[in-house]
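Got the model open in your viewer? Let's take a walk through it, one selection at a time.

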Amino acid sequence: MPTIKLTFPDGSVREFEQGATGLDVAKSISSGLAREALAVEFNGEVWDLSRNFFQNGTLKILKWTDDGGKFAYWHSSAHLMAEAIESLFPGTRFGIGPPIENGFYYDIDMGDHALSPDDLSTIEEKMYELTKRDVPYVREEKSWDDAVSYFQKKGDPYKLELLAGLKDKTISFYHQGNFTDLCYGPHIPSTGRIKAIKLLSVAGAYWRGSEKNKMLQRIYGITFPLKKELDDYLFRLEEAKRRDHRKLGKELDLFVFHDIAPGAPFWLPKGMIVFRELEKLIREELDMRGYQEISTPIMVKKDLWEQSGHWTHYQENMFLIESEETTYSLKPMNCPESTFVYKHKLRSYKDLPLRFSELGRLHRNELSGALGGMFRVRQITMDDAHIYCRPDQIFSEINQLIELVTHVYSMFGLKPMFNLATKPDKGMGDPLLWEKAEASLKQALETNNIAYKLKPKDGAFYGPKIDIQIEDAIGREWQVATIQLDFVMLPERFHLEYVAEDGSRQQPVAIHRAVFGSFERFIGIITEHFAGSFPTWLSPIQAVVLPITDAHVDYAKNVFDCLAAGGVRIELDDRNEKVNYKIRDWETKKVPYMLVVGEKEKSGGSVAVRQHKKGDIGMMPLGEFIGKIRSEIAQKIITS
RNA sequence: GCUGGCGUAGCUCAGCUGGUAGAGCAGCUGACUUGUAAUCAGCAGGUCGUCGGUUCGAGUCCGACCGCCAGCUCCA
């Protein structure tokens, strides 16, 4: 029997009989692994466990904890759901049913039948029933003609349309139980692996995402190998609802939206405190790192956008204004205007890098349907900057930016994750420069010992970039910061240059970067991250004094004055209410500290401290508390 | 922008098949003088998103528009 050699992730190489399957390999390692295995990655492709290997290659057994395993699991779940739907609603036509970041969906056409929540639970029950039969997912390769005739017979126009685009490809079908679907796979071994199922929602979705096509019903669902994992997931969904910044923003008087300005918040005094803390923080950090702050016009003539290319590529997102037969636009980005600051003088190689920061307000005409709370607004305050440097300075600049981003996020307890996006096919500019730049980015990431994901061909047309995502307190990921190199858009279109050492004129490289991204969005994110309980340094109200009776108001005022003089954002609650009432009230407002003062405190010059969410932490001398809270604020300590 | 749902007091919400609006909280006034998550009583507060239509009569039915929410799309 001929053999093949398989290389494992740890580098070990083992020999197997030709035709061995992933499951055979898993079994040969351990029965536990065979039980957990969902799919395999063979030479970089994800395959079913049952497919045979006929050649040497690298192999990884994929489990639930691997993305590939999860995707196969959810993809198989989508098929299971389709089987349940077909048995309950015969005649349903199927669109596509892929795995997504959290779960899966299937787009279906049921004619006039609109799915109700009851239908969802019926389908869910049917799915559970089907899993009990524990039937295998079987792959079958078919000729294109056979595939077409199958779906012609079945009468499924969507699958036929998909097949029309697959003429030269290998066509594979997957069967499980009574269900057959056109599918590239891979799938998990059998339906019995799916243990916990939840169908989450139904929404309309156009066939192939085009509003010209028919609208199908999209059912979203999620499944897990363990019930507990499903419960945790559902709990997190609830938790996300509880933390919704739109709700908290209103309750905590941070900001409001009004019909009069869709997509633009009204910042209330308390929200503005958070906003200003972020501004202060970023300005301090940038000052320390050699940035120079600029401010450029909000409204400029369209000529600028014609030069930058935005007029042809971004016009529908710009707000236009006519005046005296001239067309102006509110700026959707700062970059083109920053070049005017650069070009204000003839620059020498000695001047570089020039780091121009701008906390400017931008306006982008987002589609009305895309707006959503602070996460998608039309009026954006960005912590933008453009760094102009020589090609040989790319590495050190990127290095500094990685340090800046990591440092700033750590103050919020947010963990950054880095993605390196390289040259897309339409990438413009000198290929050699691309290569060098990508190497610099990589080197900077590696020098900082940063694990990153490579996103090939995902860069902008004008240069490679590092996108930074953060993970919040309940495990959600947000795209925030970005570091983009630019060889084309600013340097070339705006004819930027500097005088090099040899007297020649050279083109600088521009780096577009943002740390918070937009203040609006970032404040939305941290509001949810902290569930409204901001750390003391960010909290709009940092402490409140609660006198027990009228007799203690004078002393309470004294406490208030001392803390206010110490720079603490403090309030005095001298309402004629019981302490219980006040405590409840301020607890719901998520104020970090309450200082209860009565007879004992008055006579002892102390305060009884109650910490948000922790409760009474005891009495201490006023001076001690002032020291405590001031140092907590200065060190930006995160309590929760 | 597209599809669907929704829009009643500052907030959260009730208002059956059409008969000119109601609660709790918040606010204000008064009483109570209070020790770690809601003291009691009273008062005030809405042209029911906007405009138009049907009807003797519209918060309730119909249409258009605006906005919000979910999803799609877009994201130089």
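Start by selecting Asp467 and Thr482: their side chains make a polar contact with each other, at 3.1 Å. Keep in mind throughout that this is a predicted model.

Stay on Asp467 and show the strand around it, β25, which covers residues 465–471. Is Asp467 buried or exposed? It counts as buried, because its relative accessibility is 8%, and the cut-off for buried is under 20%. Now bring up what Asp467 touches: Met417, Phe418, Asn419, Gln479, Ala481 and Thr482, leaving aside residues up to four places away in sequence.

**Into the core**

Next, pick Phe522. Leaving out residues up to four places away in sequence, Phe522 touches Leu278, Tyr409, Phe412, Leu414, Ile470, Val480 and Phe516. Phe522 is also one of the residues with the most contacts inside the largest nonpolar core, together with Ile398, Tyr409, Phe412, Ile466 and Leu563. That core has 101 residues. Colour helix α13 (residues 394–410) and you'll have the element giving the core its largest share, eight residues. Where does this core lie with respect to domain 3 and domain 4? It lies between them, because domain 3 (250–529) and domain 4 (543–634) both give residues to it.

There's another core to select, apart from that one: it has 36 residues, including Ala39, Ala196, Leu199 and Ile219.

**Zoom out**

Colour chain A by domain: domain 1 is 3–63, domain 2 is 68–239, domain 3 is 250–529 and domain 4 is 543–634. If you place a marker at the C-alpha centres of domain 1 and domain 3, the two will be 44 Å apart.

**On to the RNA**

Now select RNA strand B and show what surrounds it. You should get 49 residues, with Tyr206, Tyr314, Ser368, Arg584 and Glu601 the closest. By class, this surface has 17 nonpolar, 14 polar and 18 charged residues. Which element supplies the largest share of it? That's α17, with six residues. Others that supply at least two residues each include β12 (196–206), β13 (215–224) and α18 (599–604).

Turn to the strand's own atoms: of those within 4 Å of the protein, 49% belong to sugar or phosphate, and the rest to bases.

Finish with three backbone spots. At Glu599, a polar backbone atom is 2.7 Å from a base oxygen of RNA strand B. For Lys600, a backbone N or O atom lies 3.3 Å from a base oxygen of the strand. Gly373 faces a phosphate oxygen instead, with a polar backbone atom 3.4 Å from it.

Notes:
Residues are numbered from 1 along each chain as its sequence is written. Chains are lettered from A and ligands numbered from 1 in the order in which they are written. This is a predicted model: local features need pLDDT of at least 70, side-chain atom pairs count only at pLDDT 80 or more; totals for chains, interfaces and linings use all residues. Side-chain values use heavy atoms; hydrogens and water are left out. A residue is near a molecule or strand if one of its heavy atoms lies within 4 Å of it. A polar contact is a pair of N or O atoms within 3.5 Å; within protein, one must be able to donate a hydrogen and the other to accept it, and residues adjacent in sequence count only if both atoms are side-chain atoms. Helices (H or I, at least four residues) and strands (E, at least two) are DSSP runs, numbered from the N terminus. Ala, Val, Leu, Ile, Met, Phe, Trp, Tyr, Cys and Pro count as nonpolar, Asp, Glu, Lys and Arg as charged, and the others, Gly among them, as polar. Domain bounds come from an automatic or database domain assignment. A nonpolar core is a set of buried Ala, Val, Leu, Ile, Met, Phe, Trp, Tyr and Cys residues joined through side-chain atoms within 4.5 Å. Buried means under 20% relative accessible area, exposed over 50%, partly exposed in between (1.4 Å probe, protein chains only). Contact means heavy atoms within 4.5 Å.
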